[in-house]
Structures are given as structure tokens and as C-alpha cells.
Amino acid sequence: MAVHLDARPPVAPAPRSTRPDRGTRLSRLDTKYSPYLYIAPFFLLFGVFGAYPLGYTFWVSLHDWDLLGAEHPFIGFDNYSQLLADPDFWHSVVNTLGIFVISTVPQLLAALWLANLLNRQLRARTGWRMAVLVPNVTSTAAVAIVFAVLFGREFGMINWLLDHVGVSAIDWKANRFAAWVAISTMVDWRWTGYNALIFLAAMQAIPRDLYESAAIDGAGRARQFWSITVPLLKPTIIFAVIISTIGGLQLFTEPRMFNSGTNAIRGGPLRESQTVTMYMFENAFAPHYNFGYGSAIAWLLFALIAVVAAINVLLLRRLGGGSRKEVSR
Amino acid sequence: MFTFTRRRLAAVALVAATALLGTTGCGGDDESAADGQVTLTVDVFGQFGYADLYQEYMASHPGVKIVERGTGSNLDEYSPKLTQWLAAGKGAGDVVAIEEGLLVEYKANPQNFVNLLDHGAADLKGNFLDWKWNQGLTADGKQLIGLGTDVGGMAMCYRTDLFAKAGLPTDREAVSKLWPTWPDYVKVGEQFTAKKTGAAFLDAATNTFNTILLQTAGNTSGYSYYDTDNKLVVGSNPAVRQAYDTTMDIIDSGLSGKYGSWSEEWVSAFKQSKFATIACPAWMTGVIEGNAGPAAKGKWDIARIPGDGGNWGGSFLAVPKQSKHQAEAIELAKFLTSAKGHIGAFKLKGPLPSSPQALADPAILDSKNSYFSEAPVGKIFAEGAKNLKPVYMGPKNQAVRTEVENAVRTVELGKRSPQQGWTDAVANAEKAAAK
């Protein structure tokens with residue numbers, strides 16, 4: 001030990017103590033390495049539950065893997081080439097993106113509006129703020145079942161209400177666009193309040209004097225909202241968009257529970273509301289039990305999310321930079 | 001030195017603890033009780049009607065406790081779960097129910113199940129209808145995967161109140177005479193629909209399609225989507241085309257309520273009396289009672305099925321190799337599939353025995369179902385059961401059936417013309433079979 005200590009190069013920072021001992025050396029090692037140990041649990045868990053399944057799924061996707069079969073012959077990228085030429089897969093991609101767009105856009109607008117309302121001087125303000133989060137606490141499955149009943153063709157309340165205003169009944173499950181709208185409603189019901197709270201937190205960080213000076217300059221409430229609140233919220237909005245992207249592209253419970261009966265996983269006889277995750281499930285489990293093909297779908301979904309997330313990051317750079325300029329008065 | 005060793009130790013311990021957390025999650029389900037009691041888990045779907053039989057078995061076997069899972073669940077939810085358990089080598093019950101459609105897939109991978117022939121099951125052959133016994137055997141006949149529970153002999157269930165409203169006879173003999181064939185059934189349906197009772201004539205075209213197909217196939221070639229060489233014959237088997245065309249007539253006459261079978265709407269339609277007839281394999285009587293509820297008691301009755309005979313569904317009990325109590329599980333499966341077990345199940349929930357002894361038993365033959373206006377269900381179903389003609393099922397039967405029925409459903413919903421629907425059915429079936 002002592003030899004090592006003596007061998008230290010003279011360029012090393014001057015020791016605080018004139019008599020360096022093992023304690024200080026180890027304490028430096030400690031400072032250097034223990035942070036890694038402190039963050040290790042995350043990476044360990046990520047390795048076990050994130051990286052390993054990812055790698056294993058990829059491995060499976062290179063095989064003709066019958067879920068129950070004893071042998072799984074290696075077939076290279078056959079599953080992928082078959083998948084890229086599979087119209088049902090692309091159909092599910094379009095469904096997923098469609099539902100994503102018509103759920104996320106109104107959702108974020110509504111959340112922004114809600115947050116703005118909640119940011120005002122209200123009676124029982126905390127109560128209101130908690131209330132918008134209630135849909136998020138209820139079980140997704142329960143929400144989906146209730147909504148599936150509301151959107152029923154013959155016995156649903158929505159069609160009953162439509163009937164009262166003279167609109168003829170809509171077959172929500174058998175019409176592709178109607179199914180998208182119904183599922184988007186479920187998603188929005190659940191996530192609008194959550195995003196509103198995120199926006200609210202960001203709004204409260206905006207200095208009050210900005211609004212005061214705007215008011216002196218004669219800006220009305222609407223003008224203040226669009227010219228001060230929204231630009232300063234841009235990074236938060238981008239955050240909400242990314243979170244919604246990840247959730248939206250993996251949408252499963254809502255569309256799955258929206259459909260009931262035999263092979264609900266198909267999302268309707270013409271796959272009207274089948275998302276990518278549902279298509280993955282249909283292939284990996286009942287009725288096909290083709291685990292390899294299902295794994296290939298999972299990987300393409302991963303790629304799809306990566307692409308959409310990359311687009312979001314680009315947006316974030318541009319818009320985020322823009323808003324920073326606006327802040328630096 | 002001592003201080004930071006301890007600190008590092010703490011860090012290491014933290015990592016170890018986290019790692020352990022991951023493993024304990026999967027390792028903590030040792031179910032064997034300390035007191036020498038064996039708990040047997042039975043996985044089922046729908047209604048198998050075993051509750052009373054369990055009580056009896058537990059009374060005579062004090063060391064055994066039986067837990068049933070999945071009662072009332074949908075077959076579509078049950079099958080993937082069971083398959084996952086088998087693939088994972090963990091999680092399945094000690095005795096599992098397998099529907100005949102899924103059995104063909106499991107027979108292709110028999111290594112997941114105990115070979116019941118190694119456990120004295122060969123002596124039980126006489127307890128089952130021949131074809132039911134053979135269905136449980138692998139292709140080479142060397143392994144018996146499952147012992148038969150029920151068969152799905154057919155009838156037509158109908159609502160007497162709706163028939164009366166439409167001016168049709170309500171007596172089951174008279175109703176049976178209305179429809180010797182499916183075209184007659186369509187004609188009665190047209191008369192019914194013309195009276196505008198506010199209800200449809202039947203629940204879903206897919207259910208009727210499957211009934212006609214199994215009947216036609218049973219009476220002709222003996223196979224439906226696959227021939228006995230496991231070649232896909234959706235497009236060339238006349239039985240499939242004939243069933244499809246008859247179903248198109250039904251759709252064309254506007255007889256279907258278009259409720260997707262087993263959907264929430266379908267269940268609601270039972271409760272709201274929205275259709276008058278439903279093709280009724282024996283096990284369906286329990287489903288109808290469950291869906292329509294006590295309010296509809298005495299409003300249903302059972303008549304002859306149009307056409308002749310047919311078998312839809314029926315299940316088997318098997319013991320997965322992963323069971324830790326195989327010997328006990330095999331004994332229980334044998335008990336539940338004995339003639340006595342078949343009778344007990346029939347009495348409770350109506351699944352029709354596949355045991356000739358049970359079918360000849362007065363307990364079955366004389367039984368009446370009070371929910372179905374005291375219909376002599378034993379006589380109606382048991383008499384036809386011995387002459388049932390089974391339909392062969394190929395390896396991807398479930399996936400192919402799904403495609404064909406979905407094609408029928410697109411026509412029913414007006415999304416496709418009958419001709420387009422047929423093209424879809426054949427093309428999608430081929431695609432599904434290749435997956």
C-alpha cells in the first residue's frame with residue numbers, strides 16, 4: 001500500500017494532509033466510484049426488465065417461434081420482410097397514428113385551457129385541481145368498459161342522445177373513423193386532467209410581472225394567454241407531446257376493452273380499431289401463437305416510436321430554442 | 001477504514017437487495033401447504049358445472065382441496081392465458097379444460113401434457129363416445145392428452161313470448177315442425193320479421209353460420225376448413241360454401257340482430273329480448289340462462305335444430321406436465337370425466353355428457369330444465385348425441401375460423417357484398433393458415 005502512495009506523481013493536487021494515509025485514498029476512490037453504485041440499482045433493474053427483454057425479443061424475432069413448439073428454427077429477417085409486406089400491419093399503424101392524432105391534439109388544447117382556468121383565483125382551488133386528476137386515478141379497464149357501453153350501437157347512451165337531436169345512430173365499432181373518435185374520447189378522459197396539472201405547474205413558474213406589464217400595455221386576457229403563457233409553456237408542451245406519443249403509440253387497453261366478444265383483439269371485423277400492440281398480441285398469442293412474428297412487430301413498433309420521438313426532439317430543439325430567446329429579455 | 005467499508009457494504013447490500021427484489025417476484029408461489037394437504041387448481045372457462053362434484057370429491061379425499069379458476073370467463077380470454085402458462089412452464093392449473101378447437105393445436109405439441117395412457121386411462125376408453133376418445137389422442141395414437149367432458153349436440157332455443165307476439169306457434173313440437181330445413185327456418189324468420197315485434201329473428205349470423213357448417217360438414221365430408229390430410233380447403237369444400245350461401249340468405253332477409261357474438265351488446269340483447277331464436281348447442285343453455293337472467297325464466301324453450309344433427313364444441317380435461325401433483329390431478333380428472341361426473345355437471349349447468357353410460361342414464365334422460373319452460377333437455381340432447389357426427393379440425397382451425405366468421409360479419413354489417421365477403425374469407429383464411 002505504502003509503495004503505491006509514494007509512487008504518486010508529483011503533479012497530483014497537493015494533499016490536504018501532510019501525512020496521507022489509506023483513509024484519504026480510499027475516500028477519494030469512494031467519491032469517484034460510489035455515485036455509480038448509487039445509480040446502479042436503476043441500471044440493474046433496467047438491465048433485467050428493459051435491456052434483456054429487448055434483446056431477447058430481438059432474438060426471438062429472428063426465429064420461426066411457435067409459442068408451444070419444442071423447436072424454433074432460425075430464419076434470419078424473414079419475419080421482418082414478411083411484416084413489411086403485411087397490409088394488416090400497416091393498417092394497424094394507420095389506426096394507431098390516427099387515434100394518436102385525434103386524441104392528442106384536442107387533449108393538449110383542452111388541458112391548456114383547463115390549466116389556464118385553474119390558474120385563476122378560484123374558490124376551493126385545490127379541490128378543483130385535485131378533481132381534474134380523478135379520471136387518471138380510475139382503472140383504465142373500468143373506464144374502457146364504461147365507455148364501450150356508452151358507445152354501444154343499440155343500447156348506448158351516446159346514440160340515445162344523438163337520437164334526441166335527430167342524428168341517426170352511429171355504429172361506433174363498425175365504422176373506422178367513429179371507432180377512432182370513441183377511443184380517443186377515452187384517452188382524453190383519462191389524460192387531459194393530468195396534462196392540465198403539468199401545464200398548471202409550468203404556468204405558476206411564469207413571473208407575474210410579465211402579465212402586469214402586459215396589462216399596463218393594454219393586453220386583454222386572451223392576448224396575455226397567447227402571447228405570454230403559451231410561448232413560455234412551449235418546453236412543457238413538448239414534454240407533454242413526447243409523453244403522449246409514447247403512451248399513444250402503445251395504446252392497448254382502451255381499444256382492446258372497447259371491443260368485446262369473440263376475437264376482440266382484432267378490433268372489429270375489418271380491424272377498424274386495431275392498434276399495433278393489439279396486432280402484436282393477436283400474432284404472438286391467440287389465435288396465431290406465432291411468437292417470432294409478434295416479436296418482430298414489437299421491434300418495428302419500437303422503431304416507430306423512436307422515429308416519432310426523434311421528430312419530437314427536433315421540434316423541441318427548434319421551439320425550445322425559440323422560447324428561450326423570448327425569455328431572455 | 002471501518003467507516004467506508006461499511007458504507008460500501010451498504011451500497012453493495014442495496015444492489016443485492018434490488019437484484020433480489022427482481023427474483024423473489026417470480027419465486028414466491030410455492031403452494032404446497034405444510035399440513036400435508038394438496039391443493040389442486042382446476043382451470044376452466046364458461047360453466048363446467050363442477051361445484052357439487054368438488055364438494056363430493058373433497059369429502060371423500062380429505063387430503064385434497066380443489067380451487068377452480070376462470071369460471072364464467074370467455075374462451076377467447078382463457079385460451080391465450082393457458083397457452084402462455086404452458087409456454088412459460090409455470091402458472092397452469094393441475095387440471096386444465098381444453099376446448100376441442102384449441103386441442104388440435106396442443107396435440108401438435110404434446111410434450112406439455114401428461115400422457116394419460118401411462119396412468120391407466122386406456123381402461124376408460126369405453127366410458128366415452130368413440131370419436132370423443134379419439135379426439136383426445138395424438139395423431140400417432142400414442143399419447144392421450146385429454147379425457148372428454150361434454151359434446152355440443154344441437155337444438156334451436158327460442159323465445160315463446162316473442163313467437164306468440166308474432167302469431168307463430170309456441171309449443172316446442174309445433175315449432176320443430178316449422179323448420180325441417182334451413183330454408184324453412186329462413187321462411188319462418190321472414191314471417192316473424194314481417195310482424196315487427198321489435199326483435200330480430202336471430203342473434204348473430206356468425207353463430208348460425210358455424211352451426212350450419214358443422215352440421216353440413218358432419219353429414220357430408222366429415223371435415224370443414226381442413227381436410228383430413230390437413231390441407232386447407234376453405235375455398236373448395238362444398239360444405240363451407242353451402243353454409244356460407246345459406247347464411248347469406250339469412251342476412252339478405254334481414255333476420256339477424258347483428259349482435260357480435262359474446263360481445264357486451266350480445267349479452268344486453270339477451271336481457272332486452274332483442275332476438276327470438278339462437279342456435280343452441282347443449283352448453284349454450286347455461287350461457288342463455290346466465291345472460292338473459294332470472295327475469296326471462298320460462299320465456300325460453302327448446303326446439304329441434306333445422307337440418308340434421310351437428311356438433312359444436314365440447315371440451316377435455318388434461319393434466320399439464322408442469323403440475324406438481326400429477327398423480328392427484330389425474331385422479332381428479334378421471335373422477336370429473338366419469339359417467340358420474342358427466343351427470344353431475346349436466347344437472348348443474350347443462351353440458352351434454354360424452355359418456356354413453358351417462359347418456360343412457362335416467363338421471364339425464366328424464367331431466368327437465370325449468371328455465372326453459374320445463375323442456376325435456378335430457379331427451380332433446382341425449383337422443384341425438386349418440387349419433388353425433390364429429391367434424392375433423394386441422395392445425396390452424398381457430399385462426400381460420402376467425403377469418404371466415406369475420407368475413408361473414410362484414411357482410412352482415414353491410415360492409416361487404418356476399419361475393420366480396422367470400423373472396424375475403426378464402427384469401428384471409430389462407431393468410432392465417434400460413435402464419
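How many bridges join strand E6 of chain B to E9(B), and do the two run parallel or antiparallel? The model is predicted, and in it four bridges connect E6(B), residues 154-159, with E9(B) in an antiparallel arrangement. One residue pair can be picked out by name: B:Tyr158 has B:Asp301 of E9(B) as its bridge partner.

These two strands belong to a wider element. Chain B holds an open sheet of four strands, ordered E7-E8-E6-E9, and the pairing within this sheet is mixed. Its edges are E7(B), residues 200-202, and E9(B), residues 300-303, each of which pairs on one side only. From one strand to the next, the twist averages 20 degrees. In general, the strands of a sheet pair through backbone hydrogen bonds, and the pairing may be parallel or antiparallel.

A helix also belongs to this picture. H12(B), residues 284-292, packs on the sheet and touches E6(B), E8(B) and E9(B). The direction of H12(B) makes about 145 degrees with that of E8(B), the strand spanning residues 275-281.

The other topic is the contact between the chains. Chain A contributes 40 residues to this contact and chain B contributes 38 residues. On the side of chain A that touches chain B, the elements giving two or more residues are helix H2(A), residues 22-61, and helix H7(A), residues 140-150. H2(A) gives the most, with 13 residues. Sorted by class, this side of chain A has 23 nonpolar, twelve polar and five charged residues.

Terms used. Residues numbered from 1 in each chain as written. Chains lettered and ligands numbered in written order. Predicted model: local features only at pLDDT ≥ 70, side-chain atom pairs only at ≥ 80, totals over all residues. Contact = placed C-beta atoms within 7 Å. Nonpolar A, V, L, I, M, F, W, Y, C, P; charged D, E, K, R; others polar. Pairing = 2+ DSSP bridges. Axes fitted to C-alpha atoms, helices over the stretch in contact; angles between N-to-C directions.
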